[in-house]
Amino acid sequence: MIKQLSGNEVVAYALKQLNPDVMGAFPITPSTEIPEYFAQYVADGQVNTEFVTVESEHSSMSVCIAAQAAGARTVCATSSCGLALMYELLYVAASCRLPITLVCVNRALSGPININNDHSDSMGARDSGWIQIYAENNQEAYDNVIMAMPIGETPWVRLPVMTCMDGFITSHAVENMQLLDSDVVKRFVGEYKPENYLLKKENPLAVGPYDISAYYMEHKVLQAEAMKAAKARILEVAAEFGRISGRSYGLLEEYRMEDAELALVLIGSTAGTAKAAVDRLREKGVKAGLVKIRVFRPFPGQELAKALAGTRAVAVMDKSEGFSANGGPLFSETCSALYDCKERPYLINIVYGLGGRDVTTGDIEKLFGRLANIAETGDIGSVYTHMGQRSREEIA
Amino acid sequence: MSKIYNLKREVEKPPRLTGGHRLCAGCGAGVVVSGVLRALNQEDRAVVVNATSCLEVSTFMYPSTASSSRAEGGQLIQRSAPEAFRSAWPRPASLAPEAQFTFCSAIYIASASANNAE
């Protein structure tokens, strides 16, 4: 079935097909439409979901944690400051090993307050123990939500999953969507059958204890092991999803990388823009390529190193500013991934698109020009720079 | 019809907050929580929820908890800590198999036919 839907609409539709037990709902731009559309499904009796409206995102995540611990399948959607307000609870959900599904519609984090897209919200939560899967477009946003539960609920993973899409660019743009039949989705996701849960009366349970130093480290190691194990499960679920949808996904996507000498590494909707730029450069004979990181947590370090092997110069594009004074988060990960490679490409970091600053195919082509120059001369210049901002003179 | 509260009758119930927790000697919190939990009938099951606090960390320290989900035939049934953890992390040998434990520590009783209604 093909329909024209916005990213938010299609995520709400996916959630309807998944028919979760509980949704913790609090509105925040640009994710507001997700609980809004979903509330209509609830009102129309099209889902059996307990729709809990709360007074803050701290509470919406708390609702999800409590309900998931009780044995329910729970979902949530938020953006930006909403995700920041959940911050404490994100760690609780992950450490209690509750496979909650959260849709993060990426928006810049205050301040200054800004409602447009960048990745500073979910990048701030990158070390919270959640699996993070990023969408390039509406179709991927839909597909990722449907794959979230089979990944997170697997006993040897048992981690919460955050599926991310770019605010407005993806959430509000209408695209042609290929939707799966609800019966197919239902069969694919199956019933949620946790081995243990709070309301299992023959086996009452304690959740979230005070964990002293005698045990805390062991539990953290288990979480780390689960995150490592999640890689294989994500690929397994993607393969199963490929069989029902005909669409294939990996941890990352390589675009025209076979013989690429110059490459970009980036996340999200900019991949669409970059692919167009790569195509244009290829027509001119430039060996350009792109690696789109789909799964950021667990980070596909080995896969990325393999994808970049053979390149000469690479620009890592971060859509969030980490203020490390040493580059953005994706840059750090990429540097680590490449460290053990015998022949590393020259690597630069570009922080771009903050607070919805536009990035065009022209910008990307210009960046490839810089990469070509680096590959030729070996002179990197500044490793870590910003792109798309005006100079003082331009503003004055 | 509700019964008149009778302290003597209430304290004859087996405690839901067991001894051995780490609250300081003389701390009022334990007494209060015991009193609140006695509002449950013996056959009731309860979900006990407690915000992070001194009370929580003192009564609910992995791998045990002082809160018990129910009292059965005068004998307390308790369960060990988070199953999500426990399935992957074995129970310490020092805990006898029958000494199992339940949920968080006290204060808010979320379920069960709690009151002494008859």
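How many salt bridges does the count come to over all chains? The count comes to 20, and some of those pairs are worth a closer look below. Please keep in mind that this is a predicted model. The search for disulfides over all chains finds 0, while the count of aromatic pairs comes to 8.

**Salt bridges**

- A good place to start is Lys292(A), which forms a salt bridge with Glu140(A), with the closest N and O atoms 2.7 Å apart. This pair links distant parts of the chain: Lys292(A) sits in strand S11 (residues 288-293) of chain A and Glu140(A) in helix H7 (residues 138-152) of chain A, 152 residues apart.
- Lys292(A) counts as buried, at 2% relative accessibility. Its partner Glu140(A) also counts as buried, at 7%.
- Lys292(A) and Glu140(A) belong to a network, in which salt bridges that share partners also join Glu136(A), Glu253(A) and Lys275(A).
- Another salt bridge brings together the side chains of Lys284(A) and Glu365(A), at 3.3 Å from N to O. Because Lys284(A) lies in the loop between helix H10 (270-283) and S11 of chain A, and Glu365(A) in helix H13 (residues 361-377) of chain A, the pair ties together parts that are 81 residues apart in sequence.
- Are Lys284(A) and Glu365(A) buried or exposed? Lys284(A) is exposed, with a relative accessible area of 61%, whereas Glu365(A) counts as buried at 13% relative accessibility.
- In chain B, Lys13(B) and Glu10(B) form a salt bridge whose closest N and O atoms are 3.3 Å apart. Both Lys13(B) and Glu10(B) are buried.

**Strand S4 of chain A and its neighbours**

- Strand S4 (residues 74-78) of chain A has 5 of its 5 residues buried, so it is largely enclosed by the rest of the structure.
- Both faces of S4(A) are covered, with Thr74(A), Cys76(A) and Thr78(A) buried on one side and Val75(A) and Ala77(A) buried on the other.
- S4(A) pairs with strand S2 (residues 22-25) of chain A in the parallel sense, over 3 bridges. Here Val22(A) stands opposite Thr74(A).
- S4(A) also runs parallel to strand S5 (residues 101-106) of chain A, joined to it by 4 bridges. In this pairing Cys76(A) stands opposite Leu102(A).

**Helix H12 of chain A**

- Helix H12 (residues 329-338) of chain A has 7 of its 10 residues buried, so it is largely enclosed by the rest of the structure.
- The buried residues of H12(A) include Pro329(A), Leu330(A), Phe331(A) and Glu333(A). Thr334(A), Ala337(A) and Leu338(A) are also among them.

**Cysteines**

- With 0 disulfides found over all chains, Cys76(A) is in no disulfide, and the nearest cysteine sulfur, that of Cys64(A), is 4.2 Å away. Cys76(A) counts as buried, at 1% relative accessibility.
- Why does Cys335(A) have no bond to Cys341(A)? The sulfur of Cys341(A) is the closest cysteine sulfur to that of Cys335(A), but at 11 Å it is too far for a bond.
- Cys335(A) is partly exposed, with a relative accessible area of 31%.

**Aromatic pairs**

- Among the 8 aromatic pairs over all chains, the rings of Phe38(A) and Tyr41(A) have their centres 6.3 Å apart and their planes at 85 degrees, so the pair is edge-to-face.
- Phe38(A) and Tyr41(A) both lie in helix H2 (residues 33-43) of chain A, 3 residues apart, which is about one turn of the helix. Both Phe38(A) and Tyr41(A) are buried.
- Tyr215(A) and Tyr62(B) form another edge-to-face pair, at 4.7 Å centre to centre with 75 degrees between the planes. Tyr215(A) lies in the loop between helix H8 (182-189) and helix H9 (216-245) of chain A, and Tyr62(B) in the loop between helix H3 (54-59) and strand S2 (70-72) of chain B, so the pair joins two chains.
- Both Tyr215(A) and Tyr62(B) are buried.
- Phe38(A) and Tyr41(A) also form one aromatic cluster with Phe51(A).

**A surface patch on chain B**

- Tyr5(B), Leu7(B) and Val11(B) make a nonpolar surface patch of about 330 Å².
- Tyr5(B) is found in the segment before helix H1 (7-12) of chain B, and Tyr5(B) is exposed, with a relative accessible area of 56%.

Terms used:
Residues are numbered from 1 along each chain as its sequence is written. Chains are lettered from A and ligands numbered from 1 in the order in which they are written. This is a predicted model: local features need pLDDT of at least 70, side-chain atom pairs count only at pLDDT 80 or more; totals for chains, interfaces and linings use all residues. Side-chain values use heavy atoms; hydrogens and water are left out. A salt bridge is a side-chain nitrogen of Lys or Arg within 4 Å of a carboxyl oxygen of Asp or Glu. Buried means under 20% relative accessible area, exposed over 50%, partly exposed in between (1.4 Å probe, protein chains only). Two strands pair if DSSP finds at least two bridges between them. Patches are made of residues with over 30% relative accessible area and no salt bridge: like charges are joined within 9 Å, nonpolar side chains (Val, Leu, Ile, Met, Phe, Trp, Tyr) within 5 Å. Accessible areas come from the Shrake-Rupley method with a 1.4 Å probe; for residues, only the protein chains shown count as cover. A disulfide is a pair of cysteine sulfur atoms within 2.5 Å. Rings of Phe, Tyr and Trp (its six-membered ring) pair if their centres lie within 6.5 Å; planes under 30 degrees apart count as stacked, over 60 as edge-to-face and the rest as tilted.
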